[in-house]
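Biologist: Could you walk me through this model and tell me how each label is earned?

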Amino acid sequence: MTGSSAPARLLRRALHAPEADRGNALPAGAWWLWALGLATAASRTTNPLMLGLLVGVAGYVVAARRTDAPWARSYGAFVRIGLFVVVLRLLFSVFLGSSVPGTHTVLTLPELPLPAWAQGVRIGGRVTAEQLAHSLYEGMKLATLLICVGAANALANPARLLKSLPGALYEAGVAVVVAMTFAPNMVADVARLRYARRLRGRPTGGVRAVAQIGLPVVEGALERSVALAASMDARGYGRTAEVPAAVRYTTNVLTLGGMLGVCAGTYGLLAAEGAVYGLPLLLAGLVAATAGLRLGGRRSVRTRYRPDRWGARARLVASSGAAVAAAMIWAGAVDPEALRPGVVPLTAPVLPLWPAAAVLIGLLPALVAPVPPSSRAVEGPHRSKEQA
């Protein structure tokens, strides 16, 4: 009995996620790779059931591993933006029409006559269920992409992401981090000022309250961002060294050409007609961009203090997103009808089983990533007994 329970205890100990601290926190790049894997999977399907499953996976991981940092509050904003995109896409379809034919008329709006040069464009007219379903699917696809990016913003520390940037991109990275800290600081200032006004018995809503809060909020957030930029400049961030002109020109050509190759290859992979040349272009662009970034790194004279280490847990998090993306790309090649349900004729979407099971691999970070201290404190009395 003792021998049989020992392997089980070892397995539970291996899967038990430790409490997060400075030493074992996941690199920001691992969270971004996981989120981009989910976003890639979302770009391969318009099935609303699969898109809802991807949103559920991203939301569960964010709820399980989100900290109390200011940037972690951005996930709700991305969800609201995604819902706004869906509603806006439906409104455009209703009032501006759609190229999708349909036979099930939902309503008929007064149509505005347009000149002859505006052929193919209409305002108002007949609204069909087929065009609404098509617009809903496309809007949900774009909303899912935004929510996956929001999950990365909520889980990845922008300061840790700055540490992982190549030397050639470090100057741009400093500007990006300063810009990214402006919005979280503004959100924190809004909450603080609204709480202070509530304690004083003053209203927190309405145009007058917003006008009184707006200027201090923007001023405080801007001062914090400028203070961050000044402190980074005082520590030597963004300093460059002299390099030969030939190396500088070669770096620019390789980096720019590599980025163009990556963009063209990514477009080829996402588009059905460019699947043949997409992968070679993407690989060539990555090789050229990597060579350019390594050459550009010679311009940076900064030192790296406590660089992020990619341990087994970080590799599992990044690999789970890549596995979801690879499974969805394979499913799109094997059974495209299941991932892209048709709307003419209008049929109910069906959840494909094995692609849905592959999407659940994206839940792995909720098991292996270190647990934030706030989440660990909510686990209840069982942890207190273990500590006792």
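Here is our conversation, label by label.

Modeller: Before we start, this is a predicted model, in which local features need pLDDT of at least 70 and side-chain atom pairs count only at pLDDT 80 or more, while totals for chains, interfaces and linings use all residues. Residues are numbered from 1 along each chain as its sequence is written, and side-chain values use heavy atoms, with hydrogens and water left out.

Biologist: Thanks! How many helices and strands are there in the protein, and what makes a run count as one?

Modeller: The protein has 16 helices and 2 strands. They are DSSP runs, numbered from the N terminus: H or I over at least four residues for a helix, E over at least two for a strand.

Biologist: Why is Trp34 called buried or exposed?

Modeller: Buried means under 20% relative accessible area, exposed over 50%, and partly exposed in between, using a 1.4 Å probe and protein chains only. Trp34 has 0% relative accessibility, so Trp34 counts as buried. Trp31, at 6%, is therefore buried too. In the protein as a whole, buried residues make up 36% of the 388 residues.

Biologist: What makes Trp31 and Trp34 an aromatic pair, and of which kind?

Modeller: Rings of Phe, Tyr and Trp (its six-membered ring) pair if their centres lie within 6.5 Å; planes under 30 degrees apart count as stacked, over 60 as edge-to-face and the rest as tilted. A search of the whole structure finds 1 aromatic pair. The ring centres of Trp31 and Trp34 are 5.9 Å apart and their planes stand at 80°, so this pair is edge-to-face. Both residues lie in helix H2 (residues 28-43), 3 residues apart, about one turn of the helix.

Biologist: Which residues touch the most other members of the largest nonpolar core, and what makes a set of residues a nonpolar core?

Modeller: A nonpolar core is a set of buried Ala, Val, Leu, Ile, Met, Phe, Trp, Tyr and Cys residues joined through side-chain atoms within 4.5 Å. The largest one holds 37 residues, and those touching the most other members are Trp31, Trp34, Leu38, Leu54, Tyr75, Val317 and Val359. Several helices each supply at least two residues of this core, including H2, helix H3 (48-65) and helix H5 (129-155). H2 gives the most, with 9 residues.

Biologist: What does Trp31 touch, and how do you know that something is a contact?

Modeller: Contact means heavy atoms within 4.5 Å. Leaving out residues up to four places away in sequence, Trp31 touches several residues, among them Val61, Leu155, Val317 and Pro365. Across the protein, residues 24 or more positions apart account for 79% of the contacts with a separation of 6 or more.

Biologist: Why is Cys148 called buried or exposed?

Modeller: Cys148 has a relative accessible area of 1%, so Cys148 is buried. Its place is in helix H5, and, not counting residues up to four places away in sequence, Cys148 touches Ala35, Leu38 and Ala39.

Biologist: Which class does Ala322 fall into, and why?

Modeller: Ala322 is at 46% relative accessibility and therefore counts as partly exposed. Ala322 lies in helix H11. Ala322 and Gly37 are 285 residues apart in sequence, with their C-alpha atoms 5.0 Å apart in space.

Biologist: And what about Leu279: why does it get its class?

Modeller: Leu279, in helix H10 (residues 275-296), counts as partly exposed because its relative accessibility is 44%.

Biologist: Why is Arg197 called buried or exposed?

Modeller: Arg197 has 10% relative accessibility, so Arg197 counts as buried. Arg197 lies in helix H7 (residues 170-199). The C-alpha atoms of Arg197 and Ile213, 16 residues apart along the chain, are separated by 9.4 Å.

Biologist: Last one: why is Val121 called buried or exposed, and where is its place?

Modeller: At 54% relative accessibility, Val121 counts as exposed because the cut-off is exceeded. Val121 is in the loop between strand E1 (105-112) and strand E2 (123-128).
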